[in-house]
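Let's take a walk through this fold together, beginning with its sheet and ending in its core. Keep the structure open as you read.

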Amino acid sequence: MGGEYIIVKQNLYMRAFRKAEATDRGRARTLAQLGIRETGIFRRMVDKGVFVATGGDAYYMDENAASDFVAERRKRAFFTLALMLLILLLIWAFGGKWFR
């Protein structure tokens, strides 16, 4: 499963909770009400605290945890891009002699 697919699904889940206004314990919704299946991606987001179970199979989205989650995801993407650019710079600086 590609990273892009995971990010798309994560965004879809967060959008569904926001659209249903399920952002606090009193407005928790079941996954069936939200049209979401419980997948590994969803369970990992529960483990990270983005979605909080309220009993039964109702959940709500913790807005602060969701913001932190997205910020961390952006930070990881930036770090990966910076690392790739550094590697390319090193290859260019040494004239690609490692590959001859």
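Two strands count as paired here if DSSP finds at least two bridges between them. In this predicted model, strand S1 and strand S3 (residues 58-61) pair in the antiparallel sense over two bridges. Those bridges are easy to find: Arg29 has Tyr59 of S3 as its bridge partner, and Thr30 is partnered by Ala58, also in S3.

**The sheet**

S2 pairs with S3 as well, again in the antiparallel sense, this time over four bridges. Within this part of the sheet, Val52 stands opposite Tyr60 of S3. Two residues lie between the strands of the S2 and S3 hairpin, where Gly56 takes a positive phi near 65°. Put together, the three strands make an open, antiparallel sheet in the order S1-S3-S2. That leaves S1 (29-30) and S2 (51-55) as the edge strands, each pairing on one side only. As general background, strands of a sheet pair through backbone hydrogen bonds, either parallel or antiparallel.

Are the two faces of S3 covered or open? Both are covered: Ala58 and Tyr60 are buried on one side, and Tyr59 and Met61 are buried on the other. Helix H1 (residues 3-19) lies across S2 and S3, and runs at about 95° to S3.

**Helix H4**

Helix H4 takes in residues 63-93, which makes 31 residues. From its first C-alpha to its last it reaches 45 Å, close to the 45 Å expected at 1.5 Å a residue. At the N-terminal end, Asp62 acts as a cap, with a side-chain oxygen 3.0 Å from the backbone nitrogen of Asn64. After the helix comes Gly95, whose phi is positive, near 65°. The buried residues of H4 are Ala65, Ala66, Phe69, Val70 and Arg73, and they pack against H1, helix H3 (40-47) and S3.

**A buried glutamine**

Gln10 is found in helix H1. Why does Gln10 count as buried? Its relative accessible area is 9%, and the cut-off for buried is under 20%. The side chain of Gln10 makes a polar contact of 2.8 Å with the side chain of Arg73.

The table sets the contacts of Gln10 beside those of Met14, leaving out residues up to four places away in sequence.

| Residue | Residues in contact |
|---|---|
| Gln10 | Ile41, Met45, Phe69, Arg73 |
| Met14 | Met45, Val50, Phe51, Met61, Ala66, Val70, Arg73 |

**The nonpolar core**

Met14 brings us to the largest nonpolar core, which has 18 residues. Met14 is among those with the most contacts inside this core, along with Phe17, Ile36, Phe42, Met45, Val50 and Phe51. H1, helix H2 (31-34), H3, S3 and H4 each supply at least two of its residues. Which element gives the most to this core? H1 does, with four residues. In soluble globular proteins, nonpolar side chains tend to be buried together.

To retrace the route on screen, start at S3, which pairs with S1 over two bridges and with S2 over four. Then move to H1, which lies across S2 and S3, and finish at the contact between Gln10 and Arg73.

Notes:
Residues are numbered from 1 along each chain as its sequence is written. This is a predicted model: local features need pLDDT of at least 70, side-chain atom pairs count only at pLDDT 80 or more; totals for chains, interfaces and linings use all residues. Side-chain values use heavy atoms; hydrogens and water are left out. Contact means heavy atoms within 4.5 Å. Axes are lines fitted to C-alpha atoms, for helices over the stretch in contact, and angles run from 0 to 180 degrees between N-to-C directions. The expected span of a helix is 1.5 Å times one less than its number of residues. Buried means under 20% relative accessible area, exposed over 50%, partly exposed in between (1.4 Å probe, protein chains only). A polar contact is a pair of N or O atoms within 3.5 Å; within protein, one must be able to donate a hydrogen and the other to accept it, and residues adjacent in sequence count only if both atoms are side-chain atoms. A nonpolar core is a set of buried Ala, Val, Leu, Ile, Met, Phe, Trp, Tyr and Cys residues joined through side-chain atoms within 4.5 Å.
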